[in-house]
Amino acid sequence: MRHRHKIAIAVLVLILLGVWVLLRQPPVPPHEGPAPEAVSGTAPSAAAQTNPLPAQPVDAAQTTAGATAATAGRSQGIQASTPQPAGPVTINSIGAVENPAEVKPESSTPPLEAHIAVEAVRNAIQKYGAAFGGNPVGTNAEITKALNGDNPTHSRFIEGIPGAQIDGNGNLIDQWGTPYFFHQLSASDMEVRSAGPDRIMWNGDDIIVK
Amino acid sequence: MNVPPTFKTRRQFIRQAACAALGTWALSNTIRDLRLINAAMAQSNISDYKALVCVFMQGGNDSNNLIIPTLPAEYQNYASIRSPVLAIPLSALLPINPADPDGHSFGLHPACTGLRTLFGENKLAPVFNVGTLVEPITRSQYLSHGVAVPPQLFSHADQVTQWQTSIPDQPPTTGWGGRCADLLASVQPTAKISMTVTLAGANTFEVGNTISQYSVSTSGAIALSGVTGARLSALQQILGIDEAQINLQTAAYANVVDQAVATGTILNGAIAGTAATNYFATPFPNNTLGSQMLMIARLIQAAPALNMKRQIFFCEIGGYDLHSGQTQITNGVPDPTQGSHAVLLGEISTAFLAFQRAMEQLNLSDSVTTFTVSDFGRTFPSNGFGSDHGWGSHHLVMGGAVKGGNTYGTFPTLAINGPDDTSTGRWIPTTAVDQYAATLATWFGVDPSNLSTIFPNVGRFASSNLGFV
């Protein structure tokens with residue numbers, strides 16, 4: 001009996017060890033600068049605490065191009081502090097990537113938690129829509145503001161979303177610091193897009209949730 | 001004496017209020033419908049032929065690159081914001097010179113050579129900054145939420161519906177084209193097909209209270225397919241049954257199918273004379289829009305055989321939702337004169353020119369007016385790869401009756417956070433869809449006294465006739 005108990009305990013320990021190995025988080029790339037504003041009620045992510053993202057406002061040249069350009073996630077501060085994608089890349093004064101087709105993503109397989117985070121954002125939008133009869137509309141900053149309390153009941157729908165952070169321009173950003181793109185299809189249908197690990201929108205490693 | 005009801009619970013109150021609200025909404029729709037019926041009785045004195053052709057640019061056209069200011073300071077403003085991804089070089093623009101210049105000059109996208117030709121012939125006119133509005137609104141009112149705006153701005157499906165109903169602040173039940181058809185149906189009591197014909201499938205624009213849209217393909221009436229052998233034999237037996245001797249359900253089914261088959265046969269017979277590829281001297285482009293507009297031209301030619309005095313057509317060209325790939329980028333250099341948007345505008349340009357030439361060949365140039373609609377405009381600054389959802393946009397009207405060679409509406413100030421901007425280069429419309437549509441409806445034959453029946457909100461705006469036709 002005692003011998004069987006020892007074997008059972010050993011098997012259990014091995015199983016637990018295996019689960020721990022599988023669920024262990026991968027190392028987070030380093031960032032510089034102060035952490036962006038975390039959504040109220042949500043603890044800053046481990047990456048932000050140890051490697052905070054900058055939250056610098058866009059410069060004057062980018063202001064003339066409008067917040068829409070910033071939606072593409074290209075403040076100079078963020079650009080300078082994050083790992084550059086491989087291949088020749090020219091970033092112009094409004095933050096446009098001028099040869100996105102030539103950029104090779106560092107990783108073509110975004111981690112699972114990134115998908116979960118994008119889904120969580122989509123779910124938050126759906127909850128807003130269910131509460132108020134239609135999804136929030138507008139730019140990323142306008143939608144984020146609506147989700148974050150600027151609504152008839154002052155509800156904060158993005159509380160509790162893993163890693164949810166807002167940059168200095170009021171945009172909800174993904175774990176790589178790029179503002180999400182919200183594609184408004186209808187009052188109840190919103191496509192949420194993350195630019196993925198290469199931080200370039202509209203290419204193969206984007207994470208899209210409808 | 002009326003005693004107001006007392007409510008013991010919140011649930012009872014909500015139930016009563018909901019019923020009252022529904023009843024009120026239903027009542028307002030009923031009143032509008034009754035007015036429509038009464039108005040129709042006064043609209044029977046029409047003897048000529050006219051047709052409206054609605055061209056829907058699906059996805060939201062970037063009209064900021066359709067028509068561009070060319071005065072040095074204004075062009076520089078345009079270029080500084082749209083460069084490098086979207087700004088079209090000044091030297092590439094096709095200049096147009098309005099007959100009544102208001103101090104501005106403009107150029108068309110280089111893919112629009114056909115449109116420039118039509119503008120020069122006074123058969124084409126741009127109407128600036130048109131969009132869905134509940135009522136007139138300024139930038140400060142928009143930012144302070146002081147005035148109601150259409151619900152679900154920047155949402156594809158909702159804005160498409162609101163463009164086609166022209167009543168953004170009420171649930172969609174009918175389109176303004178359908179309501180016009182309801183009003184004018186009595187002018188052609190022996191019409192062999194519906195006044196409203198679609199080449200692009202079901203649409204809200206042509207939904208009426210009584211008139212149903214008729215769907216036609218680019219090769220003619222949509223025939224029954226896959227009905228052969230035993231299935232065909234069975235169908236023929238059904239159609240051959242004496243309707244008076246069978247039950248109501250069977251009779252109804254037989255009647256519908258019988259009518260559909262008969263209408264298709266009539267229509268295909270009426271357009272048979274224009275089947276030759278060289279019937280129209282100016283060839284139509286072999287693309288989506290060209291094929292649709294060719295069939296519309298053939299249906300217009302067949303109008304006398306079909307006993308039509310009024311026709312409303314709907315066609316569509318998709319692909320305008322260019323968040324990326326709007327312009328061509330080669331070796332890292334954007335070329336806004338090429339790319340997806342250039343292709344789409346080129347398709348509009350060639351199809352419009354061919355269609356107008358076809359109408360002239362039929363001596364119906366003054367009787368057919370074509371106009372564009374779209375979900376919305378697009379943001380003025382680029383997102384790095386294309387443009388995003390906007391609001392107000394510039395549209396085109398074409399035809400011999402159009403007072404072309406001029407521009408209409410108010411061109412927006414091209415400045416981010418300027419007086420016409422919501423904040424990110426989305427122009428606040430200065431012309432409402434109601435006004436745009438009411439102008440077309442008036443030309444089509446809707447009496448001005450009936451405009452408020454078709455367009456219940458039009459009275460909120462300064463004018464119901466913009467004067468472009």
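Patches are made of residues with over 30% relative accessible area and no salt bridge (a side-chain nitrogen of Lys or Arg within 4 Å of a carboxyl oxygen of Asp or Glu), where nonpolar side chains (Val, Leu, Ile, Met, Phe, Trp, Tyr) are joined within 5 Å and like charges within 9 Å. This is a predicted model, in which local features need pLDDT of at least 70 and side-chain atom pairs count only at pLDDT 80 or more. Residues are numbered from 1 along each chain, and chains are lettered from A in the order in which they are written.

**Exercise 1.** Determine which residues make the nonpolar surface patch of about 330 Å², and place A:Val19 in its helix.

*Solution.* The patch is made by A:Ile7, A:Val11, A:Ile15 and A:Val19. Next, A:Val19 belongs to helix H1, residues 2-23 of chain A, helices being DSSP runs of H or I with at least four residues. Finally, A:Val19 has a relative accessible area of 41%, so the residue counts as partly exposed (buried is under 20%, exposed over 50%, with a 1.4 Å probe and protein chains only).

**Exercise 2.** Describe the surroundings of A:Ala141.

*Solution.* Begin with helix H7 of chain A, residues 140-147, which holds A:Ala141. With a relative accessible area of 23%, A:Ala141 is partly exposed. Beyond four places in sequence, A:Ala141 is in contact (heavy atoms within 4.5 Å) with A:Asn169, A:Gly170 and A:Asn171.

**Exercise 3.** State the predictor's confidence in chain B.

*Solution.* The average pLDDT (confidence in each residue, from 0 to 100) of chain B is 89, and 87% of the residues score at least 70. Over residues 1-8 of chain B, however, pLDDT stays under 50.

Note on methods. Side-chain values use heavy atoms; hydrogens and water are left out. Helices (H or I, at least four residues) and strands (E, at least two) are DSSP runs, numbered from the N terminus. Accessible areas come from the Shrake-Rupley method with a 1.4 Å probe; for residues, only the protein chains shown count as cover.
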